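Visitor: I should like to understand the grounds on which the terms for this model are applied. Could you take me through them?

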Amino acid sequence: MLEDVARATQLSLTAYNSPMPLIQLQHLDYSVGGPLLLEHVDLAIDANERVCIVGRNGEGKSTLLRLLAGEIRPDDGEVRVQGGVRIARLAQEVPQDTAGSVFDVVAAGLGELGALLAEYHHLISTHSTEASNLETLGAVQSKIEAQHGWDMDRRVQQVLTRLELPEEADFAALSGGMKRRVLLAQALVHGPDLLLLDEPTNHLDIAAIAWLEEFLRGYSASIVFVTHDRSFLRALATRIVEIDRGQVTSWPGDYENYLRRREERLHAQAQANALFDKKLAQEEVWIRQGIKARRTRNEGRVRELKALRRERAERRELTGNARMTLATTQASGKKVIEAKDVSFSYGDQVMLRDFSTTVLRGDRVGIIGPNGSGKSTLLKLLLGELAPQRGEIVLGTGLQIAYFDQHRIALREDQNALDNVAGGRDYIELDGSRKHALGYLQDFLFSPERARAPITRFSGGERNRLLLAKLFAQPSNLLVMDEPTNDLDVETLELLEELLAAYRGTLLLVSHDREFIDNVVTNTLVLEGDGRVVEYIGGYSDWVRQRPPTRDGTRQWDDGKAALVSRPPPTPVETPVARRKLSYKEARELEALPVRIESLEADIAARTRAMQAPEFFRQGNATVVAANAALADLQAQLDAAYLRWQALDG
């Protein structure tokens, strides 16, 4: 059924967006052992789309990107690429063997020609007049000219300028965020028509994420990306493609529309499954009547029962949500951490200057700032791992600290998941009760087989979940989390948010996930440069509203290392105004709008259910496309009705 929904949606998109997709996947299957990871996939990517692929960890998002890039081949089906279409992919992790200057790495995106351009730049940078050097330089120039390569040299320079990259810098010496930006430049230098991005915000600070967001919004090519950053997703996506239990479905519109329609689909699916299971149970009762069933000799009914059993056995259940619990201990003292006039420097680099704060029991404190601004140093000072060079830091009484480290050094590579969490014991203690270690790991979505597997085979998301499981098994009243959101799927992120909101202890959180910060913290420490650490009430969005203008009034975190963020104009102080009196016609319109909205929502839900039925797709392509267009029109009417209601009721 989901396959049919995907195919119908894709047919309509192809009909309306482009007569010829850039790339098409047709009846594609792919497996890595066991059930098909991707099954009967039909998907097309058109020009000037920004498509976000969503799904739980391990569902095949990165695999789908690699299939689109042509890096792996499907088990069945085909990948059709329009003639002349150029495709580039930014991988999730920085390749270990990447070396050379920034120019070298970016030019490597051009293959053999890029190597020649890199060699040419190295030769001219030496300023050598030796005959052998000049002879080599001449030979390289000739090869570049033979391939008409100077246009490509100009393109490399343009990309470096556009992404504000220092071409002579050593790639190995760059921060993780800058390395990602260099690899993005490498992908862009080829001038791709389709850009594939796998978790592009990983290792980027908030300023760099905001820069990348704006850059991609103005980029004139199709983009297919995977991200766990919901703010980034909402800002960019024009279509959502979901992978769920091997099925790929396409949802036109923004992320909010996808969430709404997905809930409707899951509800209809649950009802259909319940009816199916009820019928199967009735038939199982009938067959168990034994003699009576055989006497009727209803062989057709027996065959139907066998078919029902096969269909039920092949059903792939929806992946469950993690059921995380946090072990807590006795409450700490009321005052958890007190810092007075703290200063700290590394040589000439001032990290903190005259910093003071008080963290009380139950506070949830966010820490944000550019990469390299001193967030980790601030954490170590607050936890007593570093001594301040001036001022003092006093820790409260009765503290039990649990620490989530973004580099996952708390995980032992030579142990499996079970031993990492339970340390060889069968049971763990949680709030005074015992729980079997395997059952506890199943709450974090690790099957018994996966729990016993070496963690060297784990994905980034699995490692993060395992570290959360290990952390949450430790009794604590002060929880310290350094970038906990990397590689987690959205469902696990939302559950983690709920868990932290209910945590009875104190939280220190370092994160570049803007929505996660907004949903979790009560106040925020912002490293604003030159050793200044300023405290704001609320999360990231509250800081954006409250932050004072810098000297030039336009930029924040302008320290020469971080990406820059344009500052919005300050929010004016609004004085209350009297509500406009509605005309008689407007009052009647406002009165009728709730009924119209309810009618539109019911019509959309009914059409969606009808389009999910298999028989819907036997009506022919023209009917399917028309039905999709009608549904899109109803959705547009509903959105307009909501806007009008807000305007009249405001």
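**Contacts, cores and a sheet**

Guide: In this predicted model, leucine 195 is in contact with Ala88, Leu184, Ala187, Leu188, Leu216, Tyr219, Ser222, Ile223 and Val224, neighbours within four places in sequence being left aside.

Visitor: What makes these residues contacts of leucine 195?

Guide: Contact requires heavy atoms within 4.5 Å. The residues listed for leucine 195 are in contact with this side of the criterion satisfied.

Visitor: Which residues touch the most other members of the largest nonpolar core?

Guide: They are Leu163, Leu195, Leu216 and Ile240, in a core of 56 residues. Helix H7 (residues 176-188) supplies the largest share of this core, seven residues. Another core, of 46 residues, lies apart from it and includes Leu430, Ala453, Phe472 and Leu507.

Visitor: Why is the largest set called a nonpolar core?

Guide: The term demands buried residues of the nonpolar kinds, joined through side-chain atoms within 4.5 Å, and buried means under 20% relative accessible area. Leu163, Leu195, Leu216 and Ile240 belong to such a core, so they meet these conditions.

Visitor: How do you know that strands E1 and E2 pair?

Guide: Pairing needs at least two bridges. Five bridges join E1 (residues 23-30) to E2, therefore the two strands pair, and they run antiparallel. One of the bridges links isoleucine 23 to isoleucine 45 in E2.

Visitor: Why are E2 and E4 described as edges?

Guide: The open sheet of three strands has the order E2-E1-E4, with antiparallel pairing. Strand E2 (38-45) and strand E4 (76-81) each have a single partner strand, so one side of each lacks a neighbour in the sheet. The twist averages 10 degrees from one strand to the next.

Methods. Residues numbered from 1 in each chain as written. Predicted model: local features only at pLDDT ≥ 70, side-chain atom pairs only at ≥ 80, totals over all residues. Heavy atoms only, no water. Helix = DSSP H or I, 4+ residues; strand = E, 2+ residues; numbered from the N terminus. Axes fitted to C-alpha atoms, helices over the stretch in contact; angles between N-to-C directions. Buried < 20%, exposed > 50% of the residue type's maximum accessible area, 1.4 Å probe, protein only.
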